Each structure stands twice: as C-alpha cells, then as structure tokens.
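Dear colleague,

I am passing on the structure we spoke about, and I would be glad if you opened it beside this message. My notes on what was found follow below.

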Amino acid sequence: MARPRSFNQTAVLTAAMHAFRRQGFAATSVRDLEAAAGVTSGSLYNSYRNKRSLFLAASEHYNHAVLERRIQDHAPKGSGIEGLRQLFLSLLHEPDGGSAGCLVTNSAVEFGDTEIPNFVSDGFDVLRDTFADRLGDDRAEAVALLALYQGVLVLIRAGYAAHDLKKMITHYFENLEERHGR
C-alpha cells in the first residue's frame, strides 16, 4: 500500500511550476525542485515517479492556476476587445516583478516541434479560443493575437523594455478596435 502524501500537493506543484518556468525543463535539477518545493526527492519520486511526470503535472497546474486565472481576471466572457487589451497589458506586470515569462511559451521554445507536451497545445487552444470568443468568433484575428501574445512573452523573457511593449500593445489594440468598428 502506498503511503499517503505528507505535503501540500498544490504548494509543491506551484513551486515546481515556478522553477520550471524560470529555468526550463532541462536546466531544472531534482535538487532545484527539492529546494523550491521544500520536500525530499524521495517524496517527489513517490508522488510523481520522475522529473518529467512532475513537470507535466506542474504544467497542467500552470494552465489552470495561472493561464485560466489570468483570462478570468482580465478578459472574462463578455469583455470584448477591452478585456483582451487588459489581458495583454497584464503580461507586463509579473507578480514577482521578474521576467520568467510563461511556462507554455517557454516550453514551446524549449521543446520545439520535437515533443511538445499536450499542455502547450492546450494552452495555445485556450488562448486562441478566448481571443476568438472576445472578438465575435474572428478566428483569423484570434490566431494573429495568439502569435502576438506569444511574441510579447518571448520579448519579456528576453528583457525587452516594458514601456516599448506597452506602446506596441496599445497601438495594436487601437487598430484592432478600428478594424472591428468599435
């Protein structure tokens, strides 16, 4: 019989999620995960079998706890283009003031098209579908916004100036409103 977990699973997934987000899958060691989560490698292996399984669990947690929450907070149903503008602008303000970027974006870049985990395509789908919904089902514009969103996140990760990104986002959404007659 397996021993019950003696740690807060949400706290461990959150800590692992942040470690992977900052360093990437390959560069994050089990020791890094132990330090971040405050649990032993034995506890991690007993619960998640290996680093990849923990990564996948932490990534699914990211999609729900961060991505879906960000959408709900800044671009809830019915918020239209203004909600999307606020969603994009929110990217410029990481809670910890850092520039670790997005786990979905960082993982897409790290893994390329060789073995993209399902959570990456799931995250892209959530974003694309959110954009399409807020734009009145404009699928082509939704894909363009997905590309812009991912580009902004890559530029943030690369240390690009937030004030320049803010100007670009503002300009893009002014044009988007004109194209949509709002």
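In what order do the elements of the protein run from the N terminus on? They run α-α-α-α-α-α-α-α-α, and the count is accordingly nine helices and zero strands. Please keep in mind throughout that this is a predicted model.

As to the overall picture, the C-alpha atoms fill a box of roughly 60 × 35 × 30 Å, taken along the principal axes. Of the 182 residues of the protein, 43% count as buried, and the accessible surface comes to about 9500 Å², with 52% of that area belonging to carbon and sulfur atoms. Among the contacts with a separation of 6 or more, 67% are made by residues that stand 24 or more positions apart.

The interior may be the best place to begin. In soluble globular proteins, nonpolar side chains tend to be buried together. Here the largest nonpolar core has 50 residues, and those that touch the most other members are Phe-20, Leu-54, Phe-88, Phe-131, Leu-145, Tyr-149 and Phe-173. Two or more residues of this core come from each of helix H1 (9–23), helix H3 (41–48), helix H4 (51–74), H5, helix H6 (103–111), helix H7 (118–134), H8 and H9, and it is H8 that gives the most, with eight residues. To take one of these core residues, Leu-54 is in contact with Leu-13, Ala-16, Phe-20, Leu-33, Leu-44 and Tyr-48, if its neighbours within four places in sequence are left aside.

The aromatic residues deserve a separate look, since a pair of aromatic rings is described by the distance of the centres and the angle of the planes. The structure holds 11 aromatic pairs. In one of them, the rings of Phe-88 and Tyr-149 have centres 5.2 Å apart and planes at 85 degrees; that angle is over 60 degrees, so the pair is edge-to-face. This pair links distant parts of the chain, with Phe-88 in helix H5 and Tyr-149 in helix H8, 61 residues apart, and both residues are buried. Tyr-149 also pairs with Phe-131, with the ring centres 5.8 Å apart and the planes at 55 degrees, so this second pair is tilted. Phe-131 lies in helix H7, 18 residues from Tyr-149 in helix H8. Phe-131 has a relative accessible area of 0% and is buried, while Tyr-149, at 2% relative accessibility, counts as buried too. Elsewhere, ring pairs link Phe-20, Phe-25, Phe-55, Phe-111 and Phe-119 into a cluster.

Finally, helix H9 can be followed from end to end. At 1.5 Å a residue, the 18 residues of H9 (residues 162–179) should span 26 Å, and the C-alpha atoms at its ends are indeed 26 Å apart, which agrees. Which residues of H9 are buried? They are Leu-165, Ile-169, Tyr-172, Phe-173 and Leu-176, and because these residues cover an arc of only 95 degrees around the axis, they fall on the same side of H9. His-163, Lys-167 and Glu-178, on the other side of H9, are exposed. The buried residues of H9 pack against helix H5 (80–90) and helix H8 (139–157). Just after H9, Gly-181 takes a positive phi of about 65 degrees.

With kind regards

Conventions
Residues numbered from 1 in each chain as written. Predicted model: local features only at pLDDT ≥ 70, side-chain atom pairs only at ≥ 80, totals over all residues. Heavy atoms only, no water. Helix = DSSP H or I, 4+ residues; strand = E, 2+ residues; numbered from the N terminus. Expected span 1.5 Å × (residues − 1). Buried < 20%, exposed > 50% of the residue type's maximum accessible area, 1.4 Å probe, protein only. Arc of directions from axis to C-beta. Contact = heavy atoms within 4.5 Å. Core = buried A, V, L, I, M, F, W, Y, C linked by side-chain atoms within 4.5 Å. Areas by Shrake-Rupley, 256 points an atom, 1.4 Å probe, with all protein chains shown as cover. Phe/Tyr/Trp six-rings, centres within 6.5 Å; stacked < 30°, edge-to-face > 60°.
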